[in-house]
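Grab a pencil and have a go at these short exercises. Try each task yourself before you read its solution.

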Amino acid sequence: MDTHPTPRPDVAAIPRYVPGRRPTPRPGLTTYKLSSNENPYPPLPGVVEAVAEVAPRSTTYPDPTCPDLYAALERRHPGRALLAGTGSVALIFHTLQAYCRPGDESSSRGAASRPTRSRPPPRATAVEVPLTVDGRHDLDAMLAAVTDRTRVVMVCTPNNPTGATVTQGELVAFLRALRDDVLVLLDEAYVEFVRDDDPVDAAAILDEFEQVVVLRTFSKAYGLAGFRVGYAVGAAEVVDPVRAIVLPFGVTDAAQAAARAALATEDVAQERIAALVAERERVLAGIHAAGWNVPAAQGNFIWFPGDATIEPLMKAAEELGIVVRPYPPDGVRVSLGVPEANDRIIELARAVRPSC
C-alpha cells in the first residue's frame, strides 16, 4: 500500500524532544545524571505519605478543578486567577494554542530569545532574538522585533539554559514600552533559586500589567518533576481562555496531593534551596578559577558557552561519569547535583579549555 494518512505539513518541522539520557554504568565509579535540572534531594517530608493516601482513589478520575491545590496557592497569590497543568512547559503550549491563531502563520507570531526553553508550537512563527554575550535576554532587541503581527512574547527568567535573569527594572521598562494587546508569558520555573539584587517581583508585575501570565512549577525547587504539575497566575480574563485548551484530568490526584504536601513543608524546601544555591556559588567559583567566563547562574544549573567546547566537554564529562546536556551550536548546560557530583563539574571545567 503506497498511500497512508499524512500529518499536517508543519509537523515535520517540529523538533522532537530529546530527554536527558541516563548515565552509562561505570565499574567502581558512581555516575550522575546532570542533564535535566532535577532536584538531587529525596521527596520533601510528607510527599510520599500524601501520595499514598490518595492512591486508593486511582480507579476514579482526578478532580479537574484542583480545589485544595488552588486553595493552597491562593494564599501565595491572593486575588489571582490560577490554572494548574502538567508542568509549566505544558501551560506554555496551552497558552500559545489559545492566543496564537491557526491558519496564516505569519499573523500568529511569538517573540523569544535563543537559546531558551520557552519556544512556540508549530502554529506560531517563532521570531528568535539572540541573547546577549552574557546569556541574558536582549529586551531592547526583543521589543524591536515586535510587529503588528506579534501575539505573544516570552520572557524566561532565570533563562534556561543560560541561567541569567531579567531584573525588575528592566522588565517594567520593557512592559511599559510594549503594546497592551501583546500577551507576555513570564516563565519563572527557577525563580526560587534567584539571589539577584533586583529580582523580578511577579506580584508587582501582575498588579500593573494585566497582559502578563506568570508560570511556575513544582518540578525544580520542590523536587516533583515526576508528578508533572505546574501552574499559571494572572488576570482572570487572560488566564480563563486557556482552560478550554488544557487537557481534562491532566493533573492527577497524586500530583495535586504531592504539590500540597510540598507547599506545607516550605521550611524544609527553603533549606534545600539554600543548600543548592550555596553549592552553585561554590561550583561557580571553581569554574571561574579554571578560566571560564560563564553567565551569572541563578537557576540550579551552569551554562558553558561556546560551540567549539561542546564536543570536548561531552567527552570529558563521559570520562568523569557525569551526563550533561548539549545545546548545539550554543553550549552545554550542567545541572547541579549532590556535592560529589558538583565536584566533578569543577573537574570538568579544569579538563577543558574554554573557547570564549
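Below are four exercises on this model, which is predicted.

**Exercise 1. Work out how helix 2 and helix 8 pack: what is the angle, and are they roughly parallel or roughly antiparallel?**

Solution.
- Step 1: Start with the general recipe: two packed helices are described by the angle between their axes and the distance between the axes.
- Step 2: Find the two helices. Helix 2 covers residues 67-74, and helix 8 covers residues 253-264.
- Step 3: Read off the geometry. The angle is about 25 degrees, and the axes lie 9 Å apart.
- Step 4: Compare with the cut-off: angles under 35 degrees count as roughly parallel. So helix 2 and helix 8 are roughly parallel to each other.
- Step 5: Add the handedness. Helix 2 passes helix 8 in a left-handed crossing.

**Exercise 2. Which residues make the contact between helix 2 and helix 8, and of what class are they?**

Solution.
- Step 1: On the helix 2 side, pick out D68, L69, A72 and L73.
- Step 2: Their partners in helix 8 are Q256, A259, R260 and L263.
- Step 3: Sort them by class. You should get five nonpolar residues, one polar and two charged.

**Exercise 3. Hunt for unusual backbone: where are the cis bonds at P158 and P161, and which of N37 and F249 is buried?**

Solution.
- Step 1: Know what to expect: most residues other than glycine have a negative phi, and most peptide bonds are trans.
- Step 2: Check the prolines. The bond from T157 to P158 is cis, with omega near -5 degrees, and the one joining N160 and P161 is cis too, with omega about 25 degrees.
- Step 3: Place them. P158 sits in the loop between strand 5 (150-156) and helix 5 (168-177), and P161 is also in the loop between strand 5 and helix 5.
- Step 4: Now look at phi. N37 has a positive value near 55 degrees, and F249 has a positive value near 65 degrees.
- Step 5: Locate these two. N37 is in the loop between strand 1 and helix 1; F249 is in the loop between helix 7 and helix 8.
- Step 6: Check accessibility. N37 is at 1%, so N37 counts as buried, while F249, at 36%, is partly exposed.

**Exercise 4. How many disulfides does the whole structure have?**

Solution.
- Step 1: Search the whole structure, and you find zero.
- Step 2: Take C100 as a case. The nearest cysteine sulfur belongs to C156 and is 17 Å away.
- Step 3: Use the cut-off: a disulfide needs the sulfur atoms within 2.5 Å, so C100 is in no disulfide.
- Step 4: Check burial. C100 is buried at 2% relative accessible area, and C66 counts as buried at 2% relative accessibility.

Methods. Residues numbered from 1 in each chain as written. Predicted model: local features only at pLDDT ≥ 70, side-chain atom pairs only at ≥ 80, totals over all residues. Heavy atoms only, no water. Axes fitted to C-alpha atoms, helices over the stretch in contact; angles between N-to-C directions. Helix = DSSP H or I, 4+ residues; strand = E, 2+ residues; numbered from the N terminus. Parallel < 35°, antiparallel > 145°, perpendicular 65-115°, else oblique. Left-handed = near helix turned anticlockwise from the far one by under 90°. Contact = heavy atoms within 4.5 Å. Nonpolar A, V, L, I, M, F, W, Y, C, P; charged D, E, K, R; others polar. Buried < 20%, exposed > 50% of the residue type's maximum accessible area, 1.4 Å probe, protein only.
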